[in-house]
Structures are given as C-alpha cells and as structure tokens.
Amino acid sequence: MLFSSIPFLYYFLPCVLIIYLIAPKKLKNAVLLLSSLIFYAWGEPKYVLLMAASILVGYLAGLFIGAAKTKNGKKSSLIISLVICLGLLGYFKYADFFIESFNALTGMGIPALRIALPIGISFYTFQIISYIIDVYRGDTPVQRNIISFAAYVSMFPQLIAGPIVRYSDIVKEINDRKITLQAVSEGARRFILGLGKKIIIANVLGELCDAFLASSQQSVAFCWLYALAFTLHIYFDFSAYSDMAIGLGRILGFSFPENFNYPFISRSITEFWRRWHMSLGSWFRDYVYIPLGGNRCSKARQMLNIFVVWMLTGLWHGAAWNFVVWGVFFGILLLIEKLWLLNKLEKLKGLRHIYVMIMVMLSFVMFNASGVDDGFRVIGGMFGATESFVNSEFTYYLRSYALTLIIAVIGATPLVKKAVLSLRERKWAENIICVIEPIALTAILLVSTAYLVDGSFNPFLYFRF
C-alpha cells in the first residue's frame, strides 16, 4: 500500500487514526502492530510471516543477551542472531544475484531461484540488527514486551522505505508517549507537504525520466536533462516518503530522525553524504565503519574500511552490479577527498558546488541503469558519444517540464524555508501565514488527490530496497 494512494489516504489512515487515538494507552502498541501488519499484508501477505520470523529472532536475541551471565554467552547470542538476520536478508535479496554472477564468471548454468524481494526487508532487518547490537553493547535496555518490540519493527510509517529508526531513538516513546494537538498538527503539515513533493514534483519528474528511457533519440543535451531530472526525482521521491513517515510518526506520538538536510547545497561529496539518507549513513558508520576500526587505525586500513562500507552501501541499495559500481564510485570519491581534494575544495568557492552536482548526477545515472553497460552508455552520451548535441525531443521535453524543473531546483534548496522563517519574524506576516498556510495545505491535498484519481505515474522508487 502506497502512502500516495486513495486507499491509504481516505480509508486505511483515517480508520487507523480514529482507533489509535481513542484506544487506551496500554493498547496503543497493539493497535499500531495490528494496523502495521494489515498495511504490510495489503501488498504481499505471505511475507508477513518472514517479517514475523525476523521480529521473533530480534526479540529472543535481546532476551538471551540480557539474560547471559558471561561475555561469551552474550557474544554467542549476538553472533547467532546476526547470522540468522543477515542470512534471511542474503537469501531473499542476494541469492539470485550471486548465482547469476557465479554463472557469468565460471560459465556454469546453475538455475536461478527466482525469489521475489520482500518489500522493506532491508529497512526492518537493519532496525532489528541495530537493536540487537545496542542491547549487546549496553546502549539500550532489553524490550521484554513482544507486542511493543513487534510494533517498533513493523511500524507502518517507516516500515518499507525508512528512515531507519533505531530502537534507542524511540525507546522512551515506545513505552510511554504523549499525543498532543500541536504534535498532530505538525505531523499533518509535514505529511501533506511530503505528499505534495511526491505527487506534484517527483511523479512529474519520473514521467520525464521514463520519456528519456523510452526515446531512441538521446542527444547529449537530452542525456544531461535526464541526469538532472532523475537526480531531482530520486531526491523528491525519497525525501517525500521520509517527510510523510516523519509526519505520521509525529501524529502517532513518535519523533523519527531526519533523513535529508538539503544535500544539493553541499560543497563536497563528504558533506553530501552527511546530508543524504542520513539514517543509513549513520547506521553504516556506527555498526560497520567504527567496528572495523574507523579512522583509529593506519591510513591503509582506514582506506580499506571506507571501501568496504561503500561497497556494502551499494549492495544494500540493490542486488545488481550497477549498484556496486555506484557505491564504489562514491567510496573512491570520498577517499580522494580525504587524502587530497577536501582542502583544495575550500578554495574553489562556487566551483565546488558544480563539482558535487556533476559527480552526483553521474552516480545516479548509473544507479538507475538497467545494468553497468547501460549506465556507461548514458554517461558516454552525456560526454558526446551520441549522434547529436541537441534535438527536437530535448527541446520538446525541456519546454514541457521547465516549470517543474525550476520548482524542483528551488525546492531542493533552503531558500523557501529561509524566506518563510524570515517572514514569521514579522508580526504582520505571521498573521497572514497563519491564514494562508491551512489554505495552501488543503490545496496541496486536493491537487494531489486529483492526480491520484487521474491514475498518473505513482511508484515509490525506494520500495525495491
């Protein structure tokens, strides 16, 4: 079930909120769990059992680690539970990838298993792993109520596309949370803005990207237009989902971590990855990079740690070689910046922003490719390996989508937010904003609904992860 769908917006969500808000405090987690299971089962009911098995592994691991009297006992429980969690993730997400790669390398013909990818398995597996490791480290208490633990893992706002919410982030709220009118209002505002970003901007940019991929006349200019459109599309698509998840969390009484912080204003790739998908970046830092030694080791080992983290980051996004290339590309850029380029970028002023945007656009062309060869073909087209520089298709689509592109470029910066905050400092403007804001939010909701009723392009890109 999509957040940006009529069944969710006008049937599922209103019913869940009414039941949840009137339920006694001690039953809210049960209501949340039940509604989350229904939400997940809507699309693929058979995989509810897989998620339930993963939840049980995480829950029992926490109990065993908490009850163990010796360090070896705790470590054994940790290792066994991690092997099971990663084993399930590896089987369902990567088995066919490894079989096909092995066949390509050896020339053998081992048949693929053709396993369908369970939606959200990467996200909820990482949440369970973070809980197990935090319990082992003593950073968070053991959750002994299986309903509360299952509600944390399966929580429908962030279940299938993040942000990755650690148990330690919401441990107090999962046990005792307050729902206030102000929080509900803020959450509704954030949700509607996210819905607008998804429907009005991301979906329209997605149509432009599909038009390019279907075209047989991919000129140099058209390739660059596609690279820009997809970079903005994936940002608005994923950040919109995060906005809606965070907004729903606020309505339900939770404070989820932010996932994006205007990444396109970054002055280096290092800064970009502090601003893009922040919950994933911090997860890999705390549970992979630092345990490997982080930067508290030799330069050679530190470089290896960065390379491993980014290869895994690429694989996390998808079981295909173009994702591995995408991750390794960023790993190499981060190594270059750390060893040499970062200080030099400080002197480049505006050029450093151009450098970041070009590198990011090139990376996302590979990210969205059907394979490595296809990614390099489009990148080659961006640098002249095509029949023409400008053609009629480019000019047609540029004129058709120019307004959306301009809105997206401005919306991807903090300009609008700063302007609104500046106006709020003036009393006369604050009064006007208080009147205009609910009207604008209502308009966004109505326009988004109209798009949905029309049945236009509406997938969530990150559902495949």
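Ala, Val, Leu, Ile, Met, Phe, Trp, Tyr, Cys and Pro are counted here as nonpolar, Asp, Glu, Lys and Arg as charged, and the others, Gly among them, as polar. On this basis, the lining of the largest pocket in the predicted model divides into 20 nonpolar, nine polar and 10 charged residues. This pocket encloses about 1500 Å³ of space and is lined by 39 residues, of which Arg189, Leu193, Lys197, Tyr262 and Val416 lie nearest its centre. Two or more lining residues come from each of helix H8 (181-214), helix H9 (220-252), helix H16 (392-411), helix H17 (415-424) and helix H18 (427-454), and H8 gives the most, with nine residues.

The second largest pocket has a volume of about 650 Å³ and is lined by 18 residues, with Trp273, Arg274, Arg285, Trp310 and Leu334 lying nearest its centre. Helix H10 (269-275), H11, H12 and helix H13 (321-345) each supply at least two residues of this lining, to which H11 gives the most, with seven residues. By class, the lining of the second largest pocket comprises 10 nonpolar, five polar and three charged residues.

Helix H11 also takes part in two helix packings. With helix H12 (residues 299-317), H11 packs at an angle of about 130°, the axes being 11 Å apart; the two helices are therefore oblique to each other, and their crossing is right-handed. Leu280, Phe284, Val288 and Tyr289 of H11 make this contact with Gln302, Asn305, Ile306, Val309, Leu312, Thr313, Trp316 and His317 of H12, giving eight nonpolar, four polar and no charged residues.

The packing of helix H5 (residues 121-137) with helix H11 (residues 278-289) has an angle of about 40° and an axis separation of 12 Å, and these helices are therefore likewise oblique to each other. H5 passes H11 in a left-handed crossing, in which Phe126, Ile129, Ser130, Ile133, Asp134 and Arg137 of H5 contact Leu280, Trp283, Phe284, Asp286 and Tyr287 of H11. The contact of H5 with H11 has seven nonpolar, one polar and three charged residues.

Helix H5 contributes, in addition, to the lining of enclosed space. The structure holds one cavity of 30 Å³ or more, and the largest cavity contains about 40 Å³ of space. Its lining consists of Ser54, Cys85, Leu88, Leu89, Ile121, Thr125 and Ile128, with helix H4 (71-106) and H5 each supplying at least two residues. Five of the residues lining the largest cavity are nonpolar and two are polar, while none is charged.

Conventions: Residues are numbered from 1 along each chain as its sequence is written. This is a predicted model: local features need pLDDT of at least 70, side-chain atom pairs count only at pLDDT 80 or more; totals for chains, interfaces and linings use all residues. Side-chain values use heavy atoms; hydrogens and water are left out. Axes are lines fitted to C-alpha atoms, for helices over the stretch in contact, and angles run from 0 to 180 degrees between N-to-C directions. Helices (H or I, at least four residues) and strands (E, at least two) are DSSP runs, numbered from the N terminus. Angles under 35 degrees count as roughly parallel, over 145 as roughly antiparallel, 65 to 115 as roughly perpendicular and the rest as oblique. A crossing is left-handed if the near helix is turned anticlockwise from the far one by less than a right angle, and right-handed if clockwise. Contact means heavy atoms within 4.5 Å. On a 1 Å grid over the protein atoms alone, a cavity is a set of points where a 1.4 Å probe fits but cannot get out, and a pocket is an open set with protein on both sides within 12 Å along at least five of seven lines; lining residues have an atom within 4 Å of a point. Grid points are joined across faces, edges and corners, and a volume is the space filled by probe spheres set on the points.
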